[in-house]
Amino acid sequence: MFSANENIALRQHKRRIVQYFESTIPEDALDKGTSVMVMQVACRAPGCVPLETAVVIVFPKLGEELLKDLPESCGGTFKTKILMPMADVTKEDVLD
């Protein structure tokens, strides 16, 4: 369980990372309902980093591709992860 201060810090990191991802998505796609979700996930599998940042981008079903060359943007979900805790994620990590 996290302390109140740890929860505040995690929420701040989450907001920052969501902003990084949203800055890469066209404004009209966001206006049509595209959502970005970020969470920190613990991994206990051998060879796995202890904490990673999972990202899910949910696109509305509009019958059109909102992002060129991303089939999921036609009403699906795009999932990715960054192999580090949310506190360590930089804008450069998102842009890579």
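## Close-up views of a predicted model

At 9% relative accessibility, Glu52 counts as buried. The chain shown here is a predicted model, and the legends below walk through it one spot at a time.

**View 1. Glu52 sits in strand 2.** Start with this glutamate, which is buried because its relative accessible area of 9% falls under the 20% cut-off. Which residues does Glu52 touch, once neighbours within four places in sequence are left aside? On the list are Met39, Gln40 and Val41, and also Lys81, Ile82, Leu83 and Met84. One of these partners, Lys81, turns up again in View 3.

**View 2. Ser73 is tucked into the loop between strand 2 (51–58) and strand 3 (77–82).** Is Ser73 buried or exposed? It's buried, with a relative accessible area of 0%. Look at what its side chain is doing: it reaches the backbone nitrogen of Leu66 at 3.1 Å. Leu66 is also among the residues that Ser73 touches, and the others are Phe59, Glu64, Glu65 and Leu67, with residues up to four places away in sequence not counted.

**View 3. Lys61 belongs to the loop between strand 2 and strand 3.** Here's a residue out in the open: Lys61 has 73% relative accessibility and counts as exposed, since the cut-off for that word is over 50%. How far is Lys61 from Lys81, C-alpha to C-alpha? The two are separated by 23 Å, with their positions 20 residues apart along the chain.

**View 4. Cys43 and Cys48 are joined by a disulfide.** A disulfide is a covalent bond between the sulfur atoms of two cysteines. In this one, the S to S distance is 2.0 Å. The link of Cys43 and Cys48 is right-handed, with 120 degrees about the S-S bond. What about cover? Cys43 is partly exposed at a relative accessible area of 22%, and Cys48 is partly exposed too, at 28%. How many disulfides does a search of the whole structure find? Just one. While you're looking at cysteines, check Cys74 as well: its relative accessibility is 35%, so it counts as partly exposed.

**View 5. Glu6 is part of helix 1 (residues 4–22).** With 41% relative accessibility, Glu6 counts as partly exposed, because that figure lies between the 20% and 50% cut-offs. Now find Ala29, which is 23 residues from Glu6 in sequence. In space, their C-alpha atoms are 32 Å apart.

**View 6. Stepping back, the chain has three helices and three strands.** In what order do the elements run from the N terminus on? The order is α-α-β-β-β-α. The C-alpha trace spans about 40 × 30 × 25 Å along its principal axes. Of the 96 residues in the chain, 31% are buried; Glu52 and Ser73 are two you've already met. Among contacts with a separation of 6 or more, 46% involve residues 24 or more positions apart.

**View 7. The outside of the chain exposes about 6300 Å².** Carbon and sulfur atoms supply 55% of that area. As for charge, the chain carries 11 positive and 14 negative charges, and the mean positions of the two sets are 7 Å apart.

Definitions and conventions:
Residues are numbered from 1 along each chain as its sequence is written. This is a predicted model: local features need pLDDT of at least 70, side-chain atom pairs count only at pLDDT 80 or more; totals for chains, interfaces and linings use all residues. Side-chain values use heavy atoms; hydrogens and water are left out. A disulfide is a pair of cysteine sulfur atoms within 2.5 Å. Buried means under 20% relative accessible area, exposed over 50%, partly exposed in between (1.4 Å probe, protein chains only). Helices (H or I, at least four residues) and strands (E, at least two) are DSSP runs, numbered from the N terminus. Contact means heavy atoms within 4.5 Å. Accessible areas come from the Shrake-Rupley method with a 1.4 Å probe; for residues, only the protein chains shown count as cover. Lys and Arg count as positive and Asp and Glu as negative; His and the chain ends are not counted. The place of a charge is taken as NZ of Lys, CZ of Arg, CG of Asp or CD of Glu. A polar contact is a pair of N or O atoms within 3.5 Å; within protein, one must be able to donate a hydrogen and the other to accept it, and residues adjacent in sequence count only if both atoms are side-chain atoms.
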